[in-house]
Amino acid sequence: MSQGLVARDVVMRFGGVLALDGAAIEVVPGRIVGLIGRNGSGKSTMFNCITGFVRPTEGRIDLDGAPITGLPPHRVVRAGIARTFQTPRVDLRATVREAVLCGCYPLGRCGFVSAFLGLTSAVREEIRLREQADGVLRQVNLAPLGDQQIGKLAMGQVRLVEVARGIAAGARYLLLDEPAAGLTQSERNMLADAIRVVAKSGVGVLLVEHNFAFVRALCETITVLEAGRVLAVGTADEIAADHRVIESYLGSEPAALVEPA
Amino acid sequence: MTYWRARSNTLVLLACATLAGAVAARDPAWLDIAIAIVINALVALSVGLTFGQAGILSAAQGSFAAIGAYTTAILTVRLGWSPWLALPVAIALPAGLGHGLARLVTRLAPLAVALATLTLSAIIEIVLRSWDNLTGGYVGLAGIPSVFAGQPIAFYGLAVGMLALAVLAYENLMLSRFGRGLTTIRGDRARAIADGIAVPGLLSAAFALAAAMAGAGGWLYAHYFSYLSPGSLGTELSISVLLMMVVGGARHILGPVAGAVILGVLAQLLPAQEVQGLFYGGALIVILLVARNGLLGLVRREGTL
């Protein structure tokens, strides 16, 4: 059984629009992979195909050797692929612990009936889920903020909560949709550290991002999409030096490369 | 005990209901009203769960009560079953139908759900009116065996016991991952899916539990009043329990119960039945202006249930 999250020959047609035209990507456990491209290059569509939010017209997506193409999105999550959203989708009145607890949902084994009957097994499970949530909070250094309302946090911390919620159920792969957007420099650094910690624990991370400096600092390999096709794959330095990438994505403005991570 | 500290709503309900029962027991007319209020509260609780937590605006909860009531009436009157034997059927049948209905409607937009459930309750009423040899048609079913005949205080105890069990089930659910899941679904379905929740399945389960509560309310109605006609429960009840929920506070577990008590008591003080609609409409406007989260929203923080 081959390890990794592998998407191959993915084609996605929305009516007459060809959003993906044979795109491919591979994420391995413990590594951080970047997916970049201009607006409309198909990054988000690829993201949505992998997470099951849209069903690809053609192509194949395998999770550790087993096909997950076309599974409904909640089953993809249960198979071990977590995602975050570009705009954090959170209840601002909930506390950090409650939010992460929501991410523990797939770990529950007790059924709906034992839950409303209040059986001992359901009560015990709730205690177990709370312990799990607290463990995840410690992992990403959010434990001191556990009782804070999310609405009172800074954007960088909210993104961290989203990451914690995503991996709370023990996901083996984490897909991040533009996590650095709108963050300050110090928040970006904090988030980058947390992503490294998550990857180090054996989770494969796919980073869809606009900020090339952020991707370059974090990712070992980067895939560049252009018009739904893979334009280039390589290490961060190779990509930064690739003239096709510079023309297509980074444009004629080399300043994008020098922007600090 | 931490178990009961987390389930304070059930204890509050039992305490208040015991107190109310002790007061109402002095006057048969008030005891009669108290029983009717508890039955309404049980149906109102079911909209609290479907709308207040799951976010599905259902206008069919009165019809689920009617199905529960007709089920027990038919089984006891036509087939000679014991009311106690009919009770599980009167709960399970609405639950099963509710589960199926939720599968169909929860994909729709909220307003469409309200219209679809309203249409369904109109259809159920037509069936009840037309199926003469089963439901008694327009005339209805009379002679439904009473439970605790001549002992209204015992019946009150039974009704409160069933309401307390429903509140406890609701409370248990909200303390579990499923309760958190329902809250997430109400706010943001894509978020719920990303949490790994099978949204249609969870909504259907919650809807079935709510329909079971309404069915239990119908069973109580049938065996207290001993007579059932197509107008007894149904659309009118569906709308008034929605109002009770809004008045008491949809997000609070005991909100619909509080609303049922307040509107039930105030309705007795009105000079005539005809002004009830005017009164209900006025109450709704006042509540929406003064306390958008319902009366319990004034005294309890949301989330503390």
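This report walks through a predicted model with chains A and B, taking in confidence, a sheet, two domains and the chain contact.

## Confidence

Since everything here comes from a predicted model, let's start with the scores. The model gets an ipTM of 0.88 and a pTM of 0.90.

Chain B has an average pLDDT of 89, and 97% of its residues reach at least 70. Within chain B, the low point is helix α14(B), residues 276–290, with a mean of 78. At the other end of the range sits α11(B), where confidence is highest, at 95.

## The sheet in chain A

Chain A has an open sheet of six strands, and reading across you get β6-β7-β8-β3-β9-β10 with mixed pairing. On the outside are β6(A), covering 81–83, and β10(A), covering 229–235; each of these edge strands pairs on one side only. Ignoring direction, neighbouring strands of this sheet are turned by 20° against each other on average.

Zoom in on one pair: β7(A), residues 173–177, and β8(A), residues 204–208, run parallel and are joined by five bridges. For a concrete spot to click on, try A:Leu174, whose bridge partner in β8(A) is A:Val205. As general background, strands of a sheet pair through backbone hydrogen bonds, either parallel or antiparallel.

## Two domains in chain A

Chain A splits into domain 1, made of 5–80 + 171–258, and domain 2, which spans 92–154. Taken over C-alpha atoms, the centres of these two domains of chain A are 29 Å apart.

Where they meet, five residues of domain 1 of chain A are in contact with four residues of domain 2 of chain A. On the domain 1 side, α2(A) (73–79) and α7(A) (185–200) each put in at least two residues. The largest share of that side is from α7(A), with three residues. By class, the domain 1 side has three nonpolar residues, two charged ones and no polar ones.

## Where chain B meets chain A

Now for the contact between the chains: 25 residues of chain B are in contact with 24 residues of chain A. Four helices of chain B each supply at least two residues to the side touching chain A: α8(B) (152–174), α9(B) (177–187), α10(B) (189–194) and α11(B) (199–225). The largest share of this side belongs to α9(B), which gives six residues.

As for the make-up, the side of chain B that touches chain A counts 13 nonpolar, seven polar and five charged residues. One link back to the scores: α11(B), one of those contributing helices, is also where confidence in chain B is highest.

How values were computed
Residues numbered from 1 in each chain as written. Chains lettered and ligands numbered in written order. Predicted model: local features only at pLDDT ≥ 70, side-chain atom pairs only at ≥ 80, totals over all residues. Contact = placed C-beta atoms within 7 Å. Nonpolar A, V, L, I, M, F, W, Y, C, P; charged D, E, K, R; others polar. Pairing = 2+ DSSP bridges. Axes fitted to C-alpha atoms, helices over the stretch in contact; angles between N-to-C directions. Domains from an automatic or database assignment. pLDDT = per-residue confidence, 0-100.
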